[in-house]
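Visitor: Please show me the model, and then let us talk about its pockets and its nonpolar core.

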Amino acid sequence: NLMWYFVPPEDFFNYIQNPLEHKYLFIFWLGFTIALIAIVVFIKENFCIYMCPYSRVQSVLYDNDTIMTVYDYKRGGEVFDAKGIKLWKKPEALNAECTGCEACVKICPTHIDIRKGMQLECINCLECSDACTKVMGKLGKMTLISWTSPQSIEDRQKVRYMRFKTIGYIVAMVVVFSGLLMMGSKKEDMLLNINRQELYTIRDNGRVENSYVFLFQNTQKQAYDFYFEVQNNAEIQIKRPSKPFRIEAGEKSKQVVVLYTEANLAKDAQKDTHIPLEIRAYAVDSQEPIEVFRKSVFIYPPNKSLH
Ligand code: SF4
Ligand code: SF4
């Protein structure tokens, strides 16, 4: 699926049959496959403990009101001191409910003791909570490990969902989604990708040519004839393609494009001159305007190269 994000599935299966012709695709596919198998078969929970970026990010976002897997130290009793040193296996404080059975520790896939507090390794799977529910259930009590916030354990109040941070996140998300919607509604009529080829060619008559590869994609539901024009410089002409070309609905078309000029665009320049180009590509035979605008450059040699 990851590879299909970059290479459409129908192309992927064709390409992968000829690995020598598609070396980079093959190397990436093989690399991802080996990495994923190694993670699942050998690295396992060590990925969560040492490699996963999520836990590093979440620890920055957390505060005392964040909902997570929390041990109720008020009911269960303190098992670790402030420095994380274990005081005893079973809390000895009067009324401490934790039995010290360590069912929560034994079942933890990342081998941590949640009674120590929030830790980077915790993946919030709540296995420890289920284990404690069984142990405490036999004693007719509620689990000591639950899905709540440290603050709600502290002050015995409900989790505070609406606070400055969450309201800030909601506002930020609304702004981002509104921006995405606005950008999404301005979908381009067609696609055009421009790649420059060699620097330039100087013909015997002094004509200067630049070549490009234009990749057009007709994203409309019907076929059209497409062509393009240089909008900002009348001195730069199109040599190739000489006439519009047809692209079927949803299809792509790669066009080798040669632009030329017979005018002196560099004056007395001693170095190559980069002349900005504004290209408008459009469907010739459409009633409604189907067009895109792209920028590129036309490179003109120093005058001494022309003589
Ligand atoms: S499972 Fe519950 S009772 Fe047993 S050690 Fe863990 S927190 Fe204490
Ligand atoms: S939630 Fe899962 S990872 Fe976290 S302490 Fe409990 S068992 Fe371990």
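Visitor: Which helix gives the largest share of the lining of the second largest pocket?

Guide: This is a predicted model, in which local features need pLDDT of at least 70, side-chain atom pairs count only at pLDDT 80 or more, and totals for chains, interfaces and linings use all residues. Side-chain values use heavy atoms, with hydrogens and water left out, while residues are numbered from 1 along each chain. A pocket is an open set of points on a 1 Å grid over the protein atoms alone, where a 1.4 Å probe fits, with protein on both sides within 12 Å along at least five of seven lines, and its lining residues have an atom within 4 Å of a point. The largest share of this lining, 3 residues, comes from helix (a DSSP run of H or I, at least four residues) α10, residues 164–185.

Visitor: What volume does the second largest pocket have?

Guide: Among the 13 residues that line the second largest pocket, D65, T66, I67, R163 and T166 are the closest to its centre. By class, its lining has 6 nonpolar, 2 polar and 5 charged residues. The volume of the second largest pocket, the space filled by probe spheres set on the points, is about 220 Å³.

Visitor: Which element gives the largest share of the largest nonpolar core?

Guide: That core, a set of buried (under 20% relative accessible area, 1.4 Å probe) nonpolar residues joined through side-chain atoms within 4.5 Å, has 32 residues, and F214 is one of those with the most contacts inside it. Its largest share, 6 residues, comes from the strand (a DSSP run of E, at least two residues) β10.

How values were computed. Chains lettered and ligands numbered in written order. Buried < 20%, exposed > 50% of the residue type's maximum accessible area, 1.4 Å probe, protein only. Nonpolar A, V, L, I, M, F, W, Y, C, P; charged D, E, K, R; others polar.
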